[in-house]
Amino acid sequence: MGRREKREDIPPLEHEVAHITKLSTAPNGMLSRVYGKNQKGCISTFSMLAGREANVSGRGKFSAADRCHVASRYMPTGGPVQVEKLNSRAYVGQFSIDGSLFVAGFQDRHIRIYNVDKGWKVQKNVSARSLRWTVTDTALSPDQRYLVYASITPVVHIVNVGSSGTESVANITEIHEGLDFSIDATGDHSFGLFSVKFSTDGRELVAGSSDRSIYVYDLQADKLALQLEAHKDDVNTVAFADETGHLIYSGSDDKCCKVWDRRCLTSRARPAGSLVGHLEGITFIDSRGDGRYFISNGKDQTTKLWDIRKMSSGNSTLKSKKVPSFRWDYRWMEYPGNGKDFKHPSDQSLMTYRGHAVLRTLVRCYFSPVFSTAQKYIYTGSHDGSVYIYDVVTGHQVAKLEYHSSTVRDCSWHPVYPTLVSSSWDGVVARWEHPTGDEREPGISRVCKQVDVFYDSHI
């Protein structure tokens with residue numbers, strides 16, 4: 001079950017992103033004056049709803065900040081309920097953009113797409129093609145018509161999600177078209193892809209690879225559009241910074257985050273800038289979507305928040321002779337720096353979040369949803385089988401979801417409802433919802449009846 005915890009030894013974040021977060025969850029001033037706030041600075045849900053019905057704000061409905069002021073307190077800490085249990089490690093688990101679908105990828109080549117709106121019924125059961133070791137990543141196209149999946153090969157496969165059949169076996173029941181990211185026609189240059197993402201317009205894929213490179217594939221032209229020799233070690237994670245597709249973030253086992261501006265790339269392929277602060281390799285990056293802020297998970301057992309305006313230019317990084325370094329392998333060893341206050345002397349990050357364990361695999365972290373929480377929280381999987389939720393501004397651990405018996409590699413918060421799904425190496429995909437007293441009704445319905453706030457965007 002989920003529990004709430006606090007850390008009192010972390011100084012709060014004093015930065016523009018902190019003020020943006022606070023403003024995005026602050027209730028209307030008239031509502032504050034009429035109903036007042038409690039000790040936590042919140043107006044009760046009842047008072048917020050009463051104020052809306054009485055049109056206290058003069059708008060006739062909640063603003064986005066009013067909505068998040070209410071919805072962000074409904075944390076998905078109840079349960080969980082098992083969505084799936086297989087005898088195979090779950091590596092990937094993500095909601096679609098609108099939350100109507102959920103995709104889970106397993107080591108034994110199964111990729112299952114669940115229809116959330118139809119009681120989590122399996123809509124498509126994909127059997128992956130040309131798998132090496134595991135499914136490393138999956139991505140749904142923005143229009144939710146296509147699924148791509150990657151493995152430790154240079155070929156990404158694409159599947160038609162909207163086809164009528166439930167079973168999708170490569171080249172038997174359906175075609176899984178291969179998109180070759182290799183620029184070597186002889187096939188001698190083999191590498192694996194750890195991360196793959198669609199651009200917002202669905203026209204491109206960006207991928208990070210074991211050959212230290214970033215690749216961009218043009219889906220309309222059906223060819224590789226760009227290859228960047230980006231890092232000094234495996235590129236474990238990539239992400240588009242915003243909807244324009246101009247900026248790409250990358251993170252590597254060389255301990256560095258880099259920002260790439262495609263408008264300024266030359267034959268030398270220099271990044272727009274670099275950011276240092278992690279003491280070990282980087283496992284995942286999630287963009288805030290504004291082209292300015294992102295978070296990263298590191299094998300130094302931390303999540304960090306970054307502002308790209310603080311980056312060093314090009315490939316240059318801030319030099320120091322006293323960066324702590326250890327000889328270890330996170331795949332089977334514990335972190336040697338546990339319990340010790342090690343810090344990069346040239347740390348360029350805005351905030352560091354600690355408590356979870358990034359071991360054995362590329363554990364992922366994310367911002368909470370814009371619609372319901374205004375990205376007020378950061379959440380991450382963990383090697384101890386839990387999901388950790390942190391407050392972006394204070395750095396406090398506000399919840400810990402404990403259930404799994406093995407590493408939680410991926411987790412996903414529904415874009416609208418207070419529902420979170422954790423995907424673990426114990427083979428379980430588990431659904432968490434906001435807890436209430438009546439367990440006879442579905443959790444999402446209970447909260448919607450209680451809050452009646454999630455539908456305001458459609459009014």
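Helices here are DSSP runs of H or I with at least four residues, numbered from the N terminus. Keep that in mind as you work through this predicted model.

**Exercise 1. Get an overview of the chain.**

Task: Find how many helices and strands the chain has, and what percentage of its residues is buried.

Solution: Start with the secondary structure: the chain has six helices and 31 strands. Next comes burial: of the 459 residues, 59% are buried. Now look at the contacts with a separation of 6 or more: 56% of them involve residues 24 or more positions apart. Last is the surface, where about 19,600 Å² is exposed and carbon and sulfur atoms supply 48% of that area.

**Exercise 2. Walk along helix H3.**

Task: Decide whether Ser47 is buried or exposed, and say what follows H3.

Solution: First place the residue: Ser47 sits in helix H3, residues 45–53. Its relative accessibility is 15%, so Ser47 counts as buried, given that buried means under 20%. Ser47 has company, since Thr45, Met48, Leu49, Gly51 and Arg52 are also among the buried residues of H3. The side chain of Ser47 makes a polar contact of 2.9 Å with the side chain of Ser44. After H3 comes Asn55, with a positive phi near 55°.

**Exercise 3. Follow helix H1 to a distant partner.**

Task: Work out how many residues apart Ala18 and Val392 are in sequence, and what their C-alpha to C-alpha distance is.

Solution: Ala18 belongs to helix H1, residues 16–24. With a relative accessibility of 1%, Ala18 is buried. In sequence, Ala18 and Val392 are 374 residues apart, yet their C-alpha atoms are 7.6 Å apart in space. Leave out neighbours within four places in sequence, and Ala18 is in contact with Leu13 and Val393.

**Exercise 4. Find the nonpolar cores.**

Task: Identify the residues with the most contacts inside the largest nonpolar core, and the strand that gives it the largest share.

Solution: The largest core has 33 residues, and Leu305, Ile389 and Leu420 have the most contacts inside it. Strand S27, residues 386–391, contributes four residues to this core, the largest share. Then zoom in on Ile389: beyond its neighbours within four places in sequence, its contacts include Met75, Tyr377, Tyr379, Val398 and Trp413. There is also a second, separate core of 15 residues, with Val156, Leu193, Ala207 and Tyr217 among its members.

**Exercise 5. Sort the salt bridges.**

Task: State how many salt bridges the structure holds, then check which partners are buried in the Lys299–Asp253 pair.

Solution: The structure holds 19 salt bridges. In one of them, the side chains of Lys299 and Asp253 meet at 2.7 Å, N to O. These two residues are 46 residues apart: Lys299 is in the loop between strands S21 and S22, while Asp253 is in the loop between strands S17 and S18. Both Lys299 and Asp253 are buried.

Now try Arg263 and Asp261, whose closest N and O atoms are 2.9 Å apart in a salt bridge. Arg263 is exposed because its relative accessible area is 55%, whereas Asp261 is buried at 12%.

Arg309 and Asp307 form another salt bridge, with a closest N–O distance of 2.9 Å. Arg309 is partly exposed at 47%, and Asp307 is buried at 2%. To finish, trace the network of salt bridges that links Glu16, Arg292, Asp307 and Arg309.

**Exercise 6. Check the backbone.**

Task: Say where the cis peptide bond involving Pro80 is, and which of Trp133 and Ala374 is buried and which is exposed.

Solution: The bond from Gly79 to Pro80 is cis, with omega near 5°. Pro80 itself is in strand S2, residues 78–85. Next up is Trp133, a non-glycine residue with a positive phi of about 75°. Trp133 lies in the loop between strands S6 and S7, and at 58% relative accessibility it is exposed. Ala374 also has a positive phi, near 55°, without being a glycine. This alanine sits in the loop between helix H5 and strand S26. Its relative accessibility is 7%, so Ala374 is buried.

**Exercise 7. Spot a surface patch.**

Task: Name the residues that make the nonpolar surface patch of about 250 Å².

Solution: Met30, Val34 and Tyr35 make the patch. Tyr35 is in helix H2, residues 29–35. Its relative accessible area is 32%, so Tyr35 counts as partly exposed. That value passes the patch cut-off of over 30%.

How values were computed. Residues are numbered from 1 along each chain as its sequence is written. This is a predicted model: local features need pLDDT of at least 70, side-chain atom pairs count only at pLDDT 80 or more; totals for chains, interfaces and linings use all residues. Side-chain values use heavy atoms; hydrogens and water are left out. Patches are made of residues with over 30% relative accessible area and no salt bridge: like charges are joined within 9 Å, nonpolar side chains (Val, Leu, Ile, Met, Phe, Trp, Tyr) within 5 Å. Accessible areas come from the Shrake-Rupley method with a 1.4 Å probe; for residues, only the protein chains shown count as cover. A salt bridge is a side-chain nitrogen of Lys or Arg within 4 Å of a carboxyl oxygen of Asp or Glu. Buried means under 20% relative accessible area, exposed over 50%, partly exposed in between (1.4 Å probe, protein chains only). Contact means heavy atoms within 4.5 Å. A polar contact is a pair of N or O atoms within 3.5 Å; within protein, one must be able to donate a hydrogen and the other to accept it, and residues adjacent in sequence count only if both atoms are side-chain atoms. A nonpolar core is a set of buried Ala, Val, Leu, Ile, Met, Phe, Trp, Tyr and Cys residues joined through side-chain atoms within 4.5 Å.
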